[in-house]
Amino acid sequence: MGLRSYYKYLDSQRNKDFKNAVADAPDRSTRPAGNIPFKYLPKIPKKEIDKKLVELQFFCKSTYVRLLEMIEDLVGFVIECTKSVANRAERLSKSNALQAENEYFAVNNRDCVPIDKDGNGLFRLWSQCLVIFPSASLETAEAITSVYPTLHSLIQAYKSCDDEKSRELLLQNILVRRRADPLDRPRKLGPELSKKVYKVFFSKDNVSISN
């Protein structure tokens with residue numbers, strides 16, 4: 001009998017007390033209570049229990065709260081923890097081997113960019129970072145990386161600018177060519193995206209980035 005059953009018991013008792021109060025009559029029922037295990041427990045509201053569980057996880061480090069309703073759930077949880085502890089050494093070994101091979105963890109996700117100790121993959125990661133910007137496309141990223149092949153080169157270019165305005169507009173005249181139409185005239189990257197890129201790397205607060 002878990003918390004869910006306890007909450008149901010409290011709701012039924014609350015409804016019962018309300019009906020008795022409306023009828024202005026004491027409870028004279030001789031029928032035994034359906035939830036005997038909860039009969040002698042203190043009545044603690046669900047909101048109060050949830051609050052204490054949240055506080056427990058906030059203030060106690062490495063605390064994991066999992067509510068189990070039935071004895072079968074408890075058995076399954078014990079088996080799950082046992083398997084996790086038993087496989088810890090194997091998972092740790094795989095993790096160390098992967099970390100030794102790659103500078104960043106490579107997972108089965110197309111958005112993850114593996115980078116080895118020789119720096120292979122950094123260019124792709126830099127391009128992928130640029131594509132994240134709103135209104136930026138793969139062609140936009142290619143145009144920027146053709147001028148600034150690394151983030152370091154872009155940062156150095158920003159530092160060489162004389163004032164804030166020139167930094168914000170540093171990228172605006174970079175030409176972006178469309179892959180689909182080689183005969184189409186290239187367009188300029190524009191001041192808006194140029195400002196956004198600059199703000200991301202040099203802003204000191206999140207308010208200016210969101211503007």
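A nonpolar core is a set of buried Ala, Val, Leu, Ile, Met, Phe, Trp, Tyr and Cys residues joined through side-chain atoms within 4.5 Å. In this structure, which is a predicted model, the largest such core has 18 residues, and the members that touch the most others are Leu154, Leu171, Ile174, Leu189 and Val197. At least two residues of this core come from each of helix H6 (122-131), helix H7 (138-147), helix H8 (151-160) and helix H10 (191-202). Apart from it lies another core, of 6 residues, including Tyr6, Tyr9, Leu10 and Phe38.

The setting for these cores is a protein chain with 11 helices and 2 strands, which follow one another along the sequence in the pattern α-α-α-α-α-α-α-α-α-β-β-α-α. The chain has 211 residues, of which 18% count as buried. Among its contacts with a separation of 6 or more, 45% join residues that are 24 or more positions apart.

The surroundings of leucine 154 give a closer view of the largest core. When residues up to four places away in sequence are not counted, leucine 154 touches Trp126, Tyr148, Leu170, Leu171, Val197 and Phe201. Leucine 151, also found in helix H8, is in contact with Trp126 and Phe201 once its neighbours within four places in sequence are left aside. Leucine 151 itself has 35% relative accessibility and therefore counts as partly exposed, since that class lies between the 20% limit for buried and the 50% limit for exposed. Its C-alpha atom is separated by 9.5 Å from that of leucine 122, although the two residues are 29 residues apart along the chain.

The packing of H8 against H10 can be followed next. Two packed helices are described by the angle between their axes and the distance between the axes. The axes of H8 and H10 come within 12 Å and cross at roughly 95°, which means that H8 is roughly perpendicular to H10. On the H8 side the residues that meet H10 are Leu151, Leu154, Ile155 and Tyr158, and on the H10 side they are Ser194, Val197, Tyr198, Phe201 and Phe202. Sorted by class, this contact has 8 nonpolar residues, 1 polar residue and no charged residues.

Aromatic rings also take part in this region. A pair of aromatic rings is described by the distance of the centres and the angle of the planes. The structure holds 4 aromatic pairs, and one of them, formed by tryptophan 126 and phenylalanine 201, is tilted, with 6.1 Å from centre to centre and 50° between the planes. This pair links distant parts of the chain, since tryptophan 126 lies in helix H6 and phenylalanine 201 in helix H10, 75 residues apart. Tryptophan 126 counts as buried because its relative accessibility is 5%, whereas phenylalanine 201, at 28%, counts as partly exposed.

Tyrosine 198 and phenylalanine 202 form an aromatic pair that is stacked, with 5.2 Å from centre to centre and 20° between the planes. Both residues lie in helix H10, 4 residues apart, about one turn of the helix. An α-helix has 3.6 residues a turn, so residues three or four places apart point the same way. Even so, the two partners fall into separate accessibility classes: tyrosine 198 counts as buried at 5% relative accessibility, and phenylalanine 202 counts as partly exposed at 29%. Together with Tyr158, Tyr198 and Phe202 form one aromatic cluster.

Helix H7 has its own set of buried residues, namely Thr140, Ala141, Ala143, Ile144 and Thr145. What covers them includes H6, strand S1 (175-176), strand S2 (187-188) and H10.

The path now turns to the start of the chain. The axes of helix H1 (residues 3-23) and helix H3 (residues 46-59) come within 11 Å and cross at roughly 150°, and H1 is therefore roughly antiparallel to H3. The contact is made by Leu3, Tyr6 and Tyr7 of H1 and by Lys46, Ile49 and Asp50 of H3. By class, it has 4 nonpolar residues, no polar residues and 2 charged residues.

Methionine 70, finally, is found in the loop between H3 and helix H4 (71-86), and with a relative accessible area of 46% it is partly exposed. From C-alpha to C-alpha, methionine 70 and glycine 2 are 6.6 Å apart in space, while they are 68 residues apart in sequence.

Definitions and conventions: Residues numbered from 1 in each chain as written. Predicted model: local features only at pLDDT ≥ 70, side-chain atom pairs only at ≥ 80, totals over all residues. Heavy atoms only, no water. Buried < 20%, exposed > 50% of the residue type's maximum accessible area, 1.4 Å probe, protein only. Contact = heavy atoms within 4.5 Å. Phe/Tyr/Trp six-rings, centres within 6.5 Å; stacked < 30°, edge-to-face > 60°. Axes fitted to C-alpha atoms, helices over the stretch in contact; angles between N-to-C directions. Parallel < 35°, antiparallel > 145°, perpendicular 65-115°, else oblique. Nonpolar A, V, L, I, M, F, W, Y, C, P; charged D, E, K, R; others polar.
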